[in-house]
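This briefing describes the fold of one protein chain, topic by topic. The sequence and structure are shown first, and the description follows.

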Amino acid sequence: MGLNRKDILDIESLSPDEIRLILETSESFKEVLGRDIKKVPTLRGKTVINLFFEASTRTRTSFEIAAKRLSADTINISASASSVQKGETLSDTVKNIEAMNSDVIIIRHPASGAPHFIAKRLKASVINAGDGSHEHPSQALLDMLTIKEKKGGIEGLKVAIIGDIAHSRVARSNIHGLTKMGAKVVLYGPKTLVPKGIDKIIGKYCNTPLRVAESMEEALTDADVVMMLRIQLERQGQSLFPSVREYSRFFGLNGRNVSLAKEDAIIMHPGPMNRGVEISSEIADGARSVILDQVNNGIAVRMAMLYLLAGGHKEVVT
Ligand code: CP
């Protein structure tokens with residue numbers, strides 16, 4: 001079975017079967033990554049471009065390692081060192097990159113919809129590595145792989161997503177992905193950072209009910225998975241939350257409130273973390289934290305995305 005599409009732009013447009021295919025192919029690549037020689041020749045001769053208009057540690061490095069493990073040639077381009085600085089448009093930039101026989105363009109851009117804009121104009125495959133506050137599909141896929149691995153499945157789990165829901169592309173991709181896979185997703189955060197009616201607006205596209213909790217206690221109680229989101233400190237001053245101290249007190253995960261979640265609940269965070277704000281160090285580094293497992297799984301997931309877009313089939317990962 002293969003993935004019959006040119007691009008991966010969001011989770012919203014992926015079917016549950018496509019998500020399952022990517023996760024199962026990722027599991028095969030995890031086996032490859034456990035070998036002495038962690039490399040397969042699948043994408044030999046292909047060129048993968050990492051085009052990042054925003055900072056990144058995890059996503060960019062992980063896509064680069066994934067492409068290299070598949071034997072592709074990889075090039076990193078950051079906006080600050082490109083001709084974008086001289087006024088070149090996004091459309092011209094990507095058409096010039098494609099003219100150099102690039103096969104896959106991975107793009108992170110501050111504008112929601114930028115990957116969709118370029119995907120329409122290129123024959124090359126496009127992968128969204130995060131667009132504004134819209135979606136971050138590879139993050140949600142690696143999150144789902146981590147949950148599947150740690151909890152044995154996704155269906156029926158209570159997943160609490162807590163923090164700045166309004167600006168979080170990670171939240172949006174996970175809401176779509178987790179509900180497609182049958183999880184019960186509960187959102188919580190400051191009222192100013194949880195869009196009013198989100199449970200109905202996005203919820204109508206979800207396979208399982210999407211709820212907004214009224215309190216941290218309601219969100220955490222009996223959760224199987226707690227996913228904390230980065231508070232975007234750059235938004236301080238916009239009156240969206242009173243102070244970092246208050247945020248930490250009312251919306252942060254710590255040694256006291258974590259006990260409301262199930263005893264075997266896992267704690268997730270997409271990174272980068274603000275230690276002591278949305279999550280205490282005690283929890284981030286504690287036994288239930290799977291934060292570094294998420295990062296580790298990112299490589300296998302991104303290998304699967306690249307492999308399947310290049311026409312690979314789950315059955316023939318060797
Ligand atoms: N989770 C995530 O997208 O991290 P980076 O911004 O470091 O890529």
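**Architecture of the predicted model**

Helix α3 (residues 90-99) lies across β1, β2 and β3, and its direction runs at about 155° to β3. The coordinates belong to a predicted model, in which the protein chain has 11 helices and nine strands. Two open sheets are described below, one of four strands and one of five.

**Overall dimensions**

- The C-alpha atoms of the protein chain fill a box of roughly 55 × 45 × 35 Å along the principal axes.
- A compact globule of 318 residues would have a radius of gyration near 20 Å, so the 19 Å of the protein chain agrees with that expectation.

**The four-stranded sheet**

- The strand order in this open sheet is β2-β1-β3-β4, and the pairing is parallel.
- Because β2 and β4 (125-131) stand at the edges with a single partner strand each, one side of each is left without a neighbour in the sheet.
- On average, and with direction ignored, neighbouring strands of this sheet are turned by 15° against each other.
- Six bridges pair strand β1 (residues 47-52) with strand β2 (residues 73-78) in the parallel sense; within this pairing, isoleucine 49 stands opposite isoleucine 75 in β2.
- Together with helix α2 (residues 58-69), β1 and β2 make a right-handed β-α-β unit.
- Strand β3 (residues 104-109) runs parallel to β4 and is joined to β4 by five bridges; isoleucine 106 has isoleucine 127 in β4 as its bridge partner.

**The five-stranded sheet**

- This open sheet has the order β7-β6-β5-β8-β9, again with parallel pairing.
- The edge positions are taken by β7 (210-212) and β9 (266-268); each has a single partner strand, so one side of each is left without a neighbour in the sheet.
- Neighbouring strands of this sheet are turned by 20° against each other on average, direction ignored.
- Strand β6 (residues 184-188) and β7 run parallel and are joined by three bridges, and the bridge partner of leucine 187 is valine 212 in β7.
- Helix α6 (residues 169-180) packs on the sheet and touches β5 (158-162), β6, β7 and β8 (225-228). The direction of α6 makes about 170° with that of β5.

**Packing of α5 against α11**

- The axes of helix α5 (residues 137-151) and helix α11 (residues 291-309) come within 8 Å and cross at roughly 115°; the crossing is right-handed.
- On the α5 side, the contact is made by Ser138, Gln139, Leu141, Leu142, Asp143, Leu145, Thr146, Glu149 and Lys150. Their counterparts in α11 are Asp293, Gln294, Asn297, Gly298, Val301, Arg302 and Met305.
- By class, the contact of α5 with α11 comprises five nonpolar, six polar and five charged residues.

**Backbone geometry in loops**

- Most residues other than glycine have a negative phi, and most peptide bonds are trans.
- Asparagine 101 is not a glycine, yet has a positive phi of about 60°; this residue is found in the loop between α3 and β3.
- The peptide bond joining glycine 271 and proline 272 is cis, with omega at about -5°.
- Proline 272 has its place in the loop between β9 and α10 (281-284).

Key: Residues numbered from 1 in each chain as written. Predicted model: local features only at pLDDT ≥ 70, side-chain atom pairs only at ≥ 80, totals over all residues. Heavy atoms only, no water. Axes fitted to C-alpha atoms, helices over the stretch in contact; angles between N-to-C directions. Left-handed = near helix turned anticlockwise from the far one by under 90°. Contact = heavy atoms within 4.5 Å. Nonpolar A, V, L, I, M, F, W, Y, C, P; charged D, E, K, R; others polar. Pairing = 2+ DSSP bridges. Right-handed = clockwise from strand over helix to strand, strands pointing away. Rg over C-alpha atoms; globule rule 2.2 N^0.38 Å.
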